[in-house]
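Colleague: Please take me closely through one part of this model, after a word on confidence, and give the cut-offs behind each term.

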Amino acid sequence: MTKTFCIIKGKAIGGNTILSFEWENLGLIDLISERYLQLRGISNQLWSETSDISISNSEWLIMARTYKKKPTIASVTKGVDISRQAVHKAIKNLEAKGIVKVSSLETNKKEKCIELTPFGEECFEKRAALKKNLEDAIAEQIGAEKTALLKEILKADWGLDRFEP
């Protein structure tokens, strides 16, 4: 492992990554996985440097599923690859931080829905801006055309449905 850095707005942001010769030996899935871990680490570091509020990856995922929406907790649980218990725990943590509000559905008092509070939306938008700055730094490093191509490839239908259970 070695320490690598990315320059964002004149500031070096680093993360542990594998050595360059090791990248050469990785297949597509492992390359995507390594970059994901590297980017998630940098993104988390950027957030922690600009906020006193700690938000886990699971909590960010739930926030993304509820941004500008008011889904039921059940639909959020189905839309994420996290156990039902973990989703409920994350929602309780988010509620304790003042990031989400949980309420009963008007049509079904047994079912609960979740929505971001104004503070939650502010956190989500701040994180989105940090991620945009990171994306801009990547585009500056590898070029705008390669960045656009990478996004196009990642959005394409890879035919992976045939492998799902």
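Among the elements of the protein chain, which has the lowest mean pLDDT and which the highest?

Modeller: Strand S1 (residues 2–8) has the lowest mean pLDDT, 48, and helix H7 (residues 144–155) the highest, 97, where pLDDT is the predictor's confidence in each residue, from 0 to 100, and helices (H or I, at least four residues) and strands (E, at least two) are DSSP runs numbered from the N terminus. This is a predicted model, in which local features need pLDDT of at least 70 and side-chain atom pairs count only at pLDDT 80 or more, while totals for chains, interfaces and linings use all residues. Residues are numbered from 1 along each chain as its sequence is written, and side-chain values use heavy atoms, without hydrogens and water. The protein chain averages a pLDDT of 88, and 87% of the residues score at least 70.

For the close look I take helices H3 and H6, whose axes (lines fitted to C-alpha atoms, for helices over the stretch in contact) lie 11 Å apart at an angle of about 105 degrees, on a scale from 0 to 180 degrees between N-to-C directions. H3 and H6 are therefore roughly perpendicular to each other, the term for 65 to 115 degrees. In contact, meaning heavy atoms within 4.5 Å, Trp60, Met63 and Ala64 of H3 meet Gly120, Cys123, Phe124 and Arg127 of H6. By class, these residues are five nonpolar, one polar and one charged, with Arg counted as charged and Gly as polar.

Terms used: Parallel < 35°, antiparallel > 145°, perpendicular 65-115°, else oblique.
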